[in-house]
Amino acid sequence: MRPPDHQPSRRRFLDATGAMVALGLTAGCTSDAGHSGSGRASDDAEPPDAQTASAATPAPVPATGTHQAGITLPQPAQGNLLAVVADLTAAADPGPLLAELGRAVAALTAGTDARLLGLPPGDLTVTVGVGPRLVRTAGAALPGGTDLPGGTDLPRFSREQVAAGARGGDLLLQICASDALLPAVAATALLEQAGSRLRERWRQSAHRGANIPVGKSLTAPRNLLGFIDGIVGPHTAEAQQRNLWLAGPSQVAGGTIAVVRRMALDLPRFAALSVAEQEAVFGRRRTSGAPLSGGAITADPSLGAKTPDGRYLIPADAHVRRANANAVGAGLMLRRSYSTDAPAAGLLFISFQNELRTFTSTLARMDDSDALLAFTTTTATGTFLILPGFTPHRPLGSTLFP
């Protein structure tokens, strides 16, 4: 993670470029060494390696539309993520900056931006959000002043060790791709586009585990603790309209609210538990993901189910009980959680919901007695209004910053 006051530099961009070129040359030499004869592919045939790469390139995800990409699309989510949190400098005008970033996102995901350095964009997505300070500024500029969704800062919770530079922020770039090289290349291009108008706070690279089927056409990854992560959520269009997308005011319609939290995990202490003890922490089977109350992975946990001697099948402090939406009395969150290995083994938790209360009420209830939280320490945190989708005729951010 870069220090909070470190500015994006052309030297760093060129260093990254050189490293990728060197990597490409190394791969090319290895490939050529495998050919017989002169070691060159015939002039009139595509090399087999190129055919394989072309076949493996994932389908592109449109950047424009009613909603931004990188939330519900693609499904399943890409394997690699880079989150960058930054502040606007005092002289920066958010409207023109966001419009420029939107055009750069469209060019990068379409593969027409030279700053991709020849890499095919594949399923690259960039999701852009703005922090509460900017949302409050935009709301105050409306006639009569308006409190817009996304204008509330996250409260502080227990088990946080967050430096000042890792709390809050004006801008979120969530960059995802199946190709592990693309997030860093796209981030470099976007930060160069912003220039001196942005000051980076912190960034985090993360990766998803293997996808496990959890229902009809739905999958979820395993986390570093070995459990399937993200089973419950608004997975249907109806549930997403109810829990995910903002319906109004018009300035934010089609957007959503993101919560981003980086957490270190105490893996050695969790691994020292027996499998039964680990399952009691989560309230689910480690192998299958099924709730301890029985049924398939998609079954609703039966919070009242007991053993013949009167013990709850799902312990009172199990994660699935403390975070259960019905018990909390809040909506569902759509999660795009990724595992991290630096600066510490942990989790980059990203949730999307149309009310911040969905997250804060859930975490407040977990904070009381959730067994899982005993193995976590939050080191970075923030909430962002994910802007509505954009088109060539409706620039990114133009509904909020006309």
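In the predicted model, Leu 171 of strand S3 is the bridge partner of Ala 86. This pair belongs to a longer pairing, in which strand S1 (residues 80-88) and S3 (residues 171-177) run antiparallel and are joined by seven bridges. Strand S1 is also joined to strand S4 (residues 198-207), again in the antiparallel sense, through nine bridges. Within that pairing, Ala 206 of S4 stands opposite Leu 81. In a regular strand, side chains alternate between the two faces of the sheet. In S1, Asn 80, Leu 82, Val 84, Ala 86 and Leu 88 point one way, while Leu 81, Ala 83, Val 85 and Asp 87 point the other way. Residues on both sides are buried. Because nine of the nine residues of S1 are buried, the strand is largely enclosed by the rest of the structure.

Strand S3 pairs with strand S2 as well: six bridges join the two, which run antiparallel. Val 126 of S2 stands opposite Ile 175 of S3. Strand S2 (residues 125-130) has six of its six residues buried, so S2 too is largely enclosed by the rest of the structure. Thr 125, Thr 127 and Gly 129 point one way from this strand, and Val 126, Val 128 and Val 130 point the other way. A further antiparallel pairing, of two bridges, links S2 to strand S11. There, Leu 385 of S11 stands opposite Val 130.

The residue Gln 68 is in the loop between helix H2 (48-56) and S1. Gln 68 has a relative accessible area of 3%; since buried means under 20%, this residue counts as buried. A polar atom of the Gln 68 side chain lies 2.8 Å from the backbone oxygen of Val 128. The side chain also reaches the backbone oxygen of Leu 387, at 2.9 Å. With neighbours within four places in sequence left aside, the residues in contact with Gln 68 are Val 126, Thr 127, Val 128, Ile 386, Leu 387, Pro 388, Gly 389 and Leu 396.

Strand S10 (346-353) takes part in several pairings. Strand S7 and S10 pair in the antiparallel sense over eight bridges, and Gln 353 of S10 is the bridge partner of Ile 257. Strand S8 is joined to S10 by two bridges, with the strands antiparallel, and Leu 334 stands opposite Phe 352 of S10. Strand S9 (residues 338-340) is joined to S10 by three bridges, also antiparallel. In that pairing Ser 339 stands opposite Leu 347, and a hairpin of five residues connects S9 to S10. Eight of the eight residues of S10 are buried, so this strand is largely enclosed by the rest of the structure.

Helix H11 (356-369) also has buried residues, namely Leu 356, Thr 358, Phe 359, Thr 360, Thr 362, Leu 363 and Met 366. An α-helix has 3.6 residues a turn, so residues three or four places apart point the same way. The elements that cover the buried residues of H11 include S7, H9, H10, S10 and S11.

Rolling a probe the size of a water molecule over the atoms shows where empty space is left. The largest pocket holds about 1,200 Å³ of space. Its lining is made up of 50 residues, and those closest to the centre are Val 232, His 319, Ala 323, Met 333 and Arg 335. Elements that give two or more residues to this lining are strands S5 (211-215), S7 (256-265), S10 and S11 (376-386), together with helices H9 (319-322), H10 (325-328) and H11. Helix H11 gives the most, with five residues. By class, the lining of the largest pocket has 26 nonpolar, 16 polar and eight charged residues.

The second largest pocket holds about 350 Å³ of space. Of the 25 residues that line this pocket, Gln 75, Thr 219, His 235, Leu 334 and Arg 335 lie nearest its centre. Strands S6 (218-221) and S8 (334-335) are the elements that give two or more residues to the lining. Strand S6 provides the largest share, four residues. The lining of the second largest pocket has 13 nonpolar, eight polar and four charged residues. Arg 335 is named among the residues closest to the centre of the largest pocket and among those nearest the centre of the second largest pocket.

Conventions. Residues are numbered from 1 along each chain as its sequence is written. This is a predicted model: local features need pLDDT of at least 70, side-chain atom pairs count only at pLDDT 80 or more; totals for chains, interfaces and linings use all residues. Side-chain values use heavy atoms; hydrogens and water are left out. On a 1 Å grid over the protein atoms alone, a cavity is a set of points where a 1.4 Å probe fits but cannot get out, and a pocket is an open set with protein on both sides within 12 Å along at least five of seven lines; lining residues have an atom within 4 Å of a point. Grid points are joined across faces, edges and corners, and a volume is the space filled by probe spheres set on the points. Ala, Val, Leu, Ile, Met, Phe, Trp, Tyr, Cys and Pro count as nonpolar, Asp, Glu, Lys and Arg as charged, and the others, Gly among them, as polar. Buried means under 20% relative accessible area, exposed over 50%, partly exposed in between (1.4 Å probe, protein chains only). Two strands pair if DSSP finds at least two bridges between them. A polar contact is a pair of N or O atoms within 3.5 Å; within protein, one must be able to donate a hydrogen and the other to accept it, and residues adjacent in sequence count only if both atoms are side-chain atoms. Contact means heavy atoms within 4.5 Å.
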